[in-house]
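User: Hi! Could we go through this model together, with a few questions about its contacts and charged pairs?
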Amino acid sequence: FKLLANATRLRMLHALASAGELCVGELAEKLCMKPQAISNQLQRLADRGIVEAQRNGLQIRYSIVDPCVLTLLHQGWCLAEDAQVR
């Protein structure tokens with residue numbers, strides 16, 4: 001939970017969950033951040049087995065591989081939507 005309690009990493013995971021897979025440059029553009037900052041956070045997520053990197057030619061594409069994280073994200077989105085309705 002501590003790793004997920006970071007706004008940047010949550011935004012990254014949301015983007016990855018929505019797109020399926022993205023490279024560092026695409027994530028940096030979507031989140032209006034520098035690629036190096038994205039890369040640092042992806043490394044933390046990869047070290048914990050939450051995301052996985054796959055080389056596609058010259059690009060390295062990242063995707064969420066931990067199904068529990070996807071479930072947590074989904075539940076969080078549901079809770080956030082419910083709170084807005086109330």
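User: Leaving aside neighbours within four places in sequence, which residues is Leu16 in contact with?

Analyst: Happy to help! This is a predicted model, where local features need pLDDT of at least 70, side-chain atom pairs count only at pLDDT 80 or more, and totals for chains, interfaces and linings use all residues. Residues are numbered from 1 along each chain as its sequence is written, and side-chain values use heavy atoms, with hydrogens and water left out. Taking contact as heavy atoms within 4.5 Å, the partners of Leu16 are Glu21, Leu22, Leu27, Leu42, Val51, Tyr62 and Ile64.

User: How many salt bridges does a search of the whole structure find?

Analyst: A salt bridge here is a side-chain nitrogen of Lys or Arg within 4 Å of a carboxyl oxygen of Asp or Glu. Glu21 pairs in this way with Arg61, and Arg61 also pairs with Glu26. Glu21, Glu26 and Arg61 are thus linked in a network, and the search finds 2 salt bridges.

User: How many residues apart in sequence are the parts that Arg61 and Glu26 tie together?

Analyst: The closest N and O atoms of this pair are 3.1 Å apart. Helices (H or I, at least four residues) and strands (E, at least two) are DSSP runs, numbered from the N terminus. Arg61 lies in strand 3 and Glu26 in helix 2, so the parts they tie together are apart in sequence by 35 residues.

User: Is Arg61 buried or exposed?

Analyst: Buried means under 20% relative accessible area, exposed over 50%, and partly exposed in between (1.4 Å probe, protein chains only). Glu21, at 34%, is partly exposed. With 13% relative accessibility, Arg61 counts as buried.
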